[in-house]
Structure formats: C-alpha cells, structure tokens
Amino acid sequence: MIDYIRNNQTIIWQALGQHVYLSLLPVLLGTVVAVPVGYLAVRRPALYQPIVNLGGVIYSIPSLALFLIIPVVLGTGVLSPLNIIVALAVYTFALLTRTVADALTDVQGETTQAADALGFRRLRRLVGVEIPMALPVMLAGVRVATVSNISLVSVGAFLGVGGLGALFTRGLQLGFIEPIIVGIVLSVLLAAVCDIGIVLLQRRLTPWSRVGAG
Amino acid sequence: MLVTPMLNYFGYLFDGGNWSFAQGSIPHLLLQHVEYTLITLLIAAVIALPVGLLIGHTNRGALLAINIGNAGRALPTFGLLSLMVTLVGIGTLPVLVALVVLAVPPILTSTYAGIRAVDSAAVDAAVGMGMRPLQVLTRAEVPMALPLIMSGLRSALLQVCATATVAAYVGFGGLGRLLIDGLSTNHYDEVFAGAVLVALLAIVLDLLSAAVQRSIVSPGVRERRGRRHRGSSDAPMSDAPTSDAAMSETSEQTETRQQQVSTASTSR
Amino acid sequence: MITFDAVTKAFPGGNVAVDDLSVELPTGQITVFVGPSGCGKTTSLRMINRMIDPTSGTIAIDGEDVSHQDAALLRRKIGYVIQHAGLFPHRTVVDNIATVPLLNGVNKKQARENALELLGRVGLDESMATRYPAQLSGGQQQRVGVARALAADPPVMLMDEPFSAVDPIVRDGLQKEFLRLQAEFGKTIAFVTHDIDEAIKLGDRVAIFRVGGHLAQVGTPQELLDDPADEFVADFVGRDRGFRGLSFITAEGLDVEPVKTWVDGRDGVRLVLDDDGKPQGWSVNDSTDLRPLPGTFAPSDSMRLVTDLAISSPSGVAVRVDGEGIADGAVPHAAVAEHLVAVRRDAEGDRAPR
C-alpha cells in the first residue's frame, strides 16, 4: 500500500484536488441561490409547497442521471466538468431551499417582532436577526450537502471527471485494490474534515449558542 | 438548443424495438432495476429497523446510531461498489452487499431518531396504563415515530435506486446499463434514454412512497410547521413530529430541525 | 384503601427520595400529597402503581401487596393522570379514552360507545371525539386524560399534578369538574400537587411532605390549618391560616337580624329591596344613588364568604337570601366577628385533652 501511494503521488494529489473543487464549489453556488429562494418561500407562504415539492423531485433524481441530463439541457459536452458542478449545485439548492425555509420560519416569533418594534427594516432584520438565529439549522443542512457532494463527485468518473473517482475506475480496470482503498479513505477523510470545519465555523459564528445556564 | 440534436437524443427512447420484453430491452431493464431496489430495501429494513428500534427504546448504543448515519453518507457509493467487486469479483452478490450497506445507515439513524423524539409523557402514560413493553413499542412508540422512520426508509429507497444505476458499471443490470453501454459506444440517445428513465423511475418511486407514508402515518402525528400551519409535506427530505430530540447544545426546536435535516438525506 | 407501610426509596447514588413513609389513604376519599420540590410526593405516588419499586417497605391496595401482582395488570386497574396528559397523538380522542378497555379485550364498538359517554361526563362535546390531541387546548387535553383514566372504571386513581400545566382560570374550572366527578364516582384518589391551596381545596385528607421524603403531617385540611405539627407545616400552609380555615365553617349557625331593621335604616344606611323582596342596593345617608351589594349568602355558604361580604359591603352588613333570592336576614360585621369567636371557643372546648 505504502509503495502504491509513493509511486502514484501525482495522480492521487491531482484526483484529490479536482475532488475538492468539484465538491465544494457547488455547495457555495447552491447555498447562494438557496438562501433568497428559501426566504421567498417564507415571505410568500403560497410558494412554500411548490418550491419544496420541486426541490424534492429534483433531489430524488439519481446523480448519474442528472450528470447526463444536464449536458442536454445546457448544451455542453457530456464530458465537461461543468456538468458535475451544475448538477451538484442543483442538488445542493434542492436540499437547502427547504432547510433555509424551515429554519427561517422557526425563528419567527418574539425576537423578530421585537426587531420590527425597534425599527429594523426588512433586509436588516433578515441579515441581522433572522439569519444568525437560523444559522445552526442552515449549517446542519450545509454539512449534509457538503458530505453528500463529496460522495457524489466520484460518480462523475464515468464522464472522466470524477476527482477521487478516477482512482476507483483505475482500480477496477487494473484489478488493484490499493487505489480503491486510497480513494475511499481520502474521500471519507475529506468529508470528515469538511464536516468538522463547518462545525467549527458554526461555533465561531454563533457564540451565543454555547453559553447558557449550567 | 437546436431541434435536430434534440431529436437525436430521443432516438433511442422512441425506437419501438427497444420496448419489447426481450433481454436488454427497456421494460426488462426497468423491471430488473425495480426488483433489485425493492429486494435491497427489504433486506436493509429487516436489518436496520429492529436494531434502530432496540437502540432507540433502550438508548444503549446511541452513539452508534447517531454516527452511522453520518458515516454512511460520507462513504463514496462508487468507491464501495468498486471495493466489493474487486474483492469478490463481478456479480450480483457484491453489488447487493454494497447496496444493503449503503441503505442501512439512513434507516437505522432515522428509526433511532424517531423513537427518541417520541413524547416521553405519552410513553409514561402508556406504561402507567398497563401496557407491556412490547405493546408500548408497537402501540405507542412506533406509531409516533413513524414519520421519521418513513423518511429514513424513503431516503434509503432513493439511495438504492441511484446506486443501482451506477452499479451497471460493474456489470449489474437495470437501467444503468443504458447509461453505461451508451457512454462506451457513444450512443448518446441511449444515454439520454437511460438518464430520463432513471430520473422518472426515481420520481415515481418517491411519489409512491410519499403516498404510502400519507396512508400509514396517523393524521395526528403529521408535521406541524411553526407558527404558520402548512399541513404536512411529502418531500423526501423530512417529515417529522415536532417533539424534542435527544442531543445537546442548542434549543429544542433547533435540535429537532437539525435532526430532521441530517437524518433524512443521503447521497445519490 | 391504600396503605404505605414503612416505605423507603433510595436511589443508587445515595439520594433518599422517600424515607420510612407510613400512611393510609382511605377508600373513596381524595388524599393529597403536597410539598416542595424534592419531597418525594411524586415518587411515593408512582410506587403505588409500581412505576417505581420501593427499596424497602410495602404498599398495599385493600390489603393486597402490590409487589405481588403483575405490574401491567395492576396498572390497568388504576387510573393514571399525569401533568401533560400524555395523550397518544396518533389516536383520536375517542380512541385515546378507550385505550385501557381495548387492552383488556373489550370489543371496539362497545369501548368507543363508553368512551363517548365519558367524553360527555368530563364536560366535552361529542364533536371532539374524532379530533386528534394536537387540535385540542391544554385544558381540553387534560379532560381527555381524566376520561382516559376513568374508562376502565378503576377503583383507584393516581393523579400527578394534573392541573398544574394550565392557566389559573382553566385550572379552577377543571378543579370544580373534578370535585363534581368525584362526588359522582367516589374513587380512592391519590393526588400530587405542589400547590397548598389546591391541596386544601381538593383534599379530604392532606399529607404534607418535607424535602428528603419525610411525612411532616397528615390530616384533614381543617386539622392542618388549625393545628400545624411544626414550623415547617405552619410555614408551608402559609399565613392567614385562620382566614383560610373559615372556608370550612358554614353560616348555618349564624344568627341574623331581621331584614326589616335594615330596610328601615340604621346608622345612616338603608337596605333597598325590590317589589319581590330581593336586595337592590344600599342607600347611604339618604342618597338616591344606590350602592350595589358585593353579593349575598345562603346558610350553606362558608363563613369566609360571609366575612368577605360584610367587609366589602358599603354598609358593613352582609345580607342573607333564601332559595329564590329574597332577603331573609342581615348581619353586621361585628356580629360576624362575635360569632366566629364563639365558634372558636366551642371548638377549643370540644377538643380532647392531649
């Protein structure tokens, strides 16, 4: 095993690097779109159900299928990394929109009414009160989306753009188990690191949730 | 998009020859896909439900139940498939094992979370009224935990359906065949057909499972959303009673919400 | 009758929740366990239906040791009402009520019919039967909880702070309903509360517990008010014991002056009656503006009410009425006070020497 790693360092690093940006960039994109749409679903309750249902439908589509439908819709080549990024961003969006909508709904109440009474305008209230309070739940969703994406990127190997998935195809084609093990371990480690990273970020961003009675 | 290329993509779908029931035809592959999905779900449920119920009821091994969900989500599906096939060889068994391994975590975690989230006053009342432990479980705890348990089962269903697609790469049957074979022969209409059919299958399975959920979960336990009562929602991402959950750190409702988010989604 | 005989409950870790408790809960009466947090009242209650088992000592219902009986079957013969009702959210109201009869094998139709009847008994409308608990208010849920406990017609009922989670107005209504039901059913009830006023209001007998699981005193509410065993009990029962004790003395023996005396007028005040003889108000210093009466009393009312009426009346006089509301007597405050002193002296005289 050690020999394998030493001899194939470049390939492994390349795969890992590609994996990182293919999984994390969509999280960012998906989140950025999910927040306003989720907020919209809160402000216009009539839209909540359609938006959530749409998200649900999208989220149920298997990854490989989505990776292959997107090029048709976008008109890009099937083997382009853009497919992966867009597809995963769409997944992230589908998952997070509902999370954001639910989280923002939950924080409505005395605090937001107090904010209104103090004279906060809508945007200020959203950014200064509602989002901070909704952060724990929203970040829980981001964690799920991130870890899911990291696992899904490997499937892109079929299109030649799979990050660590390339190690899996190599292993299958050559009949070696080492690349597969390395790929799985790195994938899981990456997921763990990102997960912990988001938890730390959450602790940083919400210091008030750690202190309390007892 | 130009019209002509669009027609090219649909070629395979609209070719009548592909719709017979011969080996390798669409209906055959579809049936295969559904068959394996349901068998896997059944096996995974038989393993995960009792364990989840037990851990939830006794609260021993809680750490396992909580973390196995996260671990399962972090496992690369394709990686696991490749591992099994390389170890055992090409065939149905390694794929089934991988599928079951991937389906167990969401069911286990959701079942555990569902039982923990059950109103403890209702359980106390059940015991106090003279129900025996098994009766308490079946007549009180499970019905109340049903929304979360169902969401776990539905997540697992979609997980298996998606991974079965990918499994075509290692010789498995099912609709993934269209995708893989089409990719290797550059028949993009075949690929497109496969992608569309798999997507549709997944959506239909999800809708069916939502209908099942609606029919077996008591109306009294459906989710109530905060201040604005939106009634129950049937998306696969969550469907849970709003009672408090078992973990530390933040406020009750936030924990419940976080639990809902994390127990209900798996990677596809 | 429920009997506690030297019952002790010590939890692993050293916490003694109940310490050598011996007390009798008479059949057909409400015995209230009351005391501050940590006094062992709930633990004691839960040992009756074996939700908790004692470390030592025995608990018996009608002479039979509960530890010798199958726990589940024992519990089906005991009604159990807890603070937040603990209704099953997944069952309708009527199915919730029918839970124990169904467990016992009663056929569904019969059980539901009986449940509907009970629903009416606890003061809820039949239309509630098919609703789910989540659709009910807190007070309504509690009523369903009580109905559920009554469903199998158990001779014994255990109630753990059943009315604590609702607001005071709802609580008052529930307490009144509860007393009415008990008058109808006559069950042996063990009732836990932290509220001494509730204990005095509802209990035929009250057992006051001290932190650490010791029984400080047990007796009728009157006895506790008149004769607290020690400072803790006196403090717990609260000041104005004397005034509260007036609730237990009726106005039966109270002598009243004729109404005519006050209709004619005295000391600058005059009672004004309508044509039927019902009191309308007081005229002070011959003013035509009538000051209203704070209320009236009947011989069955408590001296506490009479005293309050006398104090808050513009004339210092309480007016008695008969069944139709016609004034048939009046008594000034001074006479009320003299009467109470006389009653007190009699009570002291009756008391057996210690």
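In strand 8 of chain C, C:Ala190 is the bridge partner of C:Thr31. The structure is a predicted model, in which local features need pLDDT of at least 70, side-chain atom pairs count only at pLDDT 80 or more, and totals for chains, interfaces and linings use all residues. Residues are numbered from 1 along each chain as its sequence is written, while chains are lettered from A and ligands numbered from 1 in the order in which they are written.

The bridge just named belongs to a pairing in the parallel sense, over five bridges, between strand 3 (residues 30–34) and strand 8 of chain C. Here helices (H or I, at least four residues) and strands (E, at least two) are DSSP runs numbered from the N terminus, and two strands pair if DSSP finds at least two bridges between them. Strand 8 of chain C also pairs with strand 7 (residues 156–160) of chain C, again in the parallel sense and over five bridges. In that pairing, C:Met159 has C:Phe191 of strand 8 as its bridge partner.

Strand 7, helix 7 (residues 168–185) and strand 8 of chain C together make a right-handed β-α-β unit. Right-handed signifies that, with the strands pointing away from the viewer, the path from the first strand over the helix to the second runs clockwise.

How many residues of strand 8 (residues 188–193) of chain C are buried? Six of its six residues are, a residue being buried if 20 or more other C-beta atoms, placed from the backbone, lie within 10 Å of its own. One side of the strand presents C:Thr188, C:Ala190 and C:Val192, and the other presents C:Ile189, C:Phe191 and C:Thr193; both faces are covered.

On a broader scale, an automatic or database domain assignment divides chain C into domain 1 (2–237) and domain 2 (259–341). The centres of these two domains, taken over C-alpha atoms, are separated by 42 Å.

Chain B has 10 helices and zero strands. Of its 268 residues, 58% count as buried. Two residues are in contact if their C-beta atoms, placed from the backbone, lie within 7 Å. Among contacts in chain B between residues at least 6 apart in sequence, 70% join residues at least 24 apart.

The two chains meet where 19 residues of chain B are in contact with 21 residues of chain C. On the chain B side, helix 6 (120–128) and helix 7 (133–166) each supply at least two residues, and the largest share, six residues, comes from helix 6 of chain B.

Key. Buried ≥ 20, exposed ≤ 12 C-beta atoms within 10 Å, placed from the backbone.
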